[in-house]
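Trainee: I should like to discuss the strands and the surface of this protein. May we proceed by question and answer?

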Amino acid sequence: DGRLILLHGGNPTVQEGFRRGKNYLTVIGFDYLERGNELIIGSENGLRVLDSNGLQYLTVNGEKITRSVYSLLEDSNGHLWAGTDNGVYIIRNGKVDHFNEKNGLSGLEVNRGALLETSRKQVLIGTNRGLSVYLSDQETDLLEKPFTEIVSLAVVGYEKDSIDIENIPYGINNVQVNFHAVTFKQPNNLV
């Protein structure tokens, strides 16, 4: 609406998290996005929305992001990305998806202003441990369990048939497991 927006860290004079003026808006936060008549705020207290009712948590199907949000992006599909101190959250299709180091993100903390969509619809995510590139065409819902095959079991230091593999004595603790690598596709489909 043409007002100047000032983002800043905590301020004891701004108790409610924002202050409106005729020509300005002061918000305690790290990043913001304008969506219609709302202002989406990334703050140290989570993902917030400022509208005519004031400042409250952005809620999607009862779920809130309450971690520190440092970076925001609305991609070309209208999905909302929130870079936090624990990975990135994507709000899309009425649900919240979360990516962090455990499922492929290069680092845990997403830096301020470190979300960018390329002309090829890739989202670049800058983290404390480097750059991650999100490729939406490579994301699939896994419908199969991972295929793992145990090839053989052996007790190290003992002859092959001298110990029952299904009933290894308590004092023997050196077991060798040979297996085929984990894959989400059947081995005959691998290149």
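Mentor: We may, and a definition comes first: strands are DSSP runs of E with at least two residues, numbered from the N terminus. Please keep in mind that the model is predicted.

Trainee: In which strand does Val177 lie?

Mentor: Val177 belongs to the nonpolar surface patch that also holds Ile150, Leu153, Val175 and Phe179. β17 (147-155) and β18 (175-183) are the elements that each give two or more residues to this patch. The largest share, 3 residues, comes from β18. The strand that contains Val177 is β18.

Trainee: Why does Val177 count as partly exposed?

Mentor: The class of partly exposed residues runs between 20% and 50% relative accessible area. Val177 falls into this class because its relative accessibility is 41%.

Trainee: What is the order of the strands in the open sheet of 3 strands?

Mentor: The pairing in this sheet is mixed. β1 (4-8) and β2 (18-20) each have a single partner strand, so they stand at the edges, with one side of each left without a neighbour in the sheet. On average, neighbouring strands here are turned by 10° against each other, direction ignored. The order is β1-β3-β2.

Trainee: Which residue in β3 stands opposite Leu4?

Mentor: β1 spans residues 4-8, and β3 spans residues 24-28. These two strands pair in the parallel sense over 5 bridges. Opposite Leu4, the residue in β3 is Tyr24.

Note on methods:
Residues are numbered from 1 along each chain as its sequence is written. This is a predicted model: local features need pLDDT of at least 70, side-chain atom pairs count only at pLDDT 80 or more; totals for chains, interfaces and linings use all residues. Side-chain values use heavy atoms; hydrogens and water are left out. Patches are made of residues with over 30% relative accessible area and no salt bridge: like charges are joined within 9 Å, nonpolar side chains (Val, Leu, Ile, Met, Phe, Trp, Tyr) within 5 Å. Accessible areas come from the Shrake-Rupley method with a 1.4 Å probe; for residues, only the protein chains shown count as cover. A salt bridge is a side-chain nitrogen of Lys or Arg within 4 Å of a carboxyl oxygen of Asp or Glu. Helices (H or I, at least four residues) and strands (E, at least two) are DSSP runs, numbered from the N terminus. Buried means under 20% relative accessible area, exposed over 50%, partly exposed in between (1.4 Å probe, protein chains only). Two strands pair if DSSP finds at least two bridges between them. Axes are lines fitted to C-alpha atoms, for helices over the stretch in contact, and angles run from 0 to 180 degrees between N-to-C directions.
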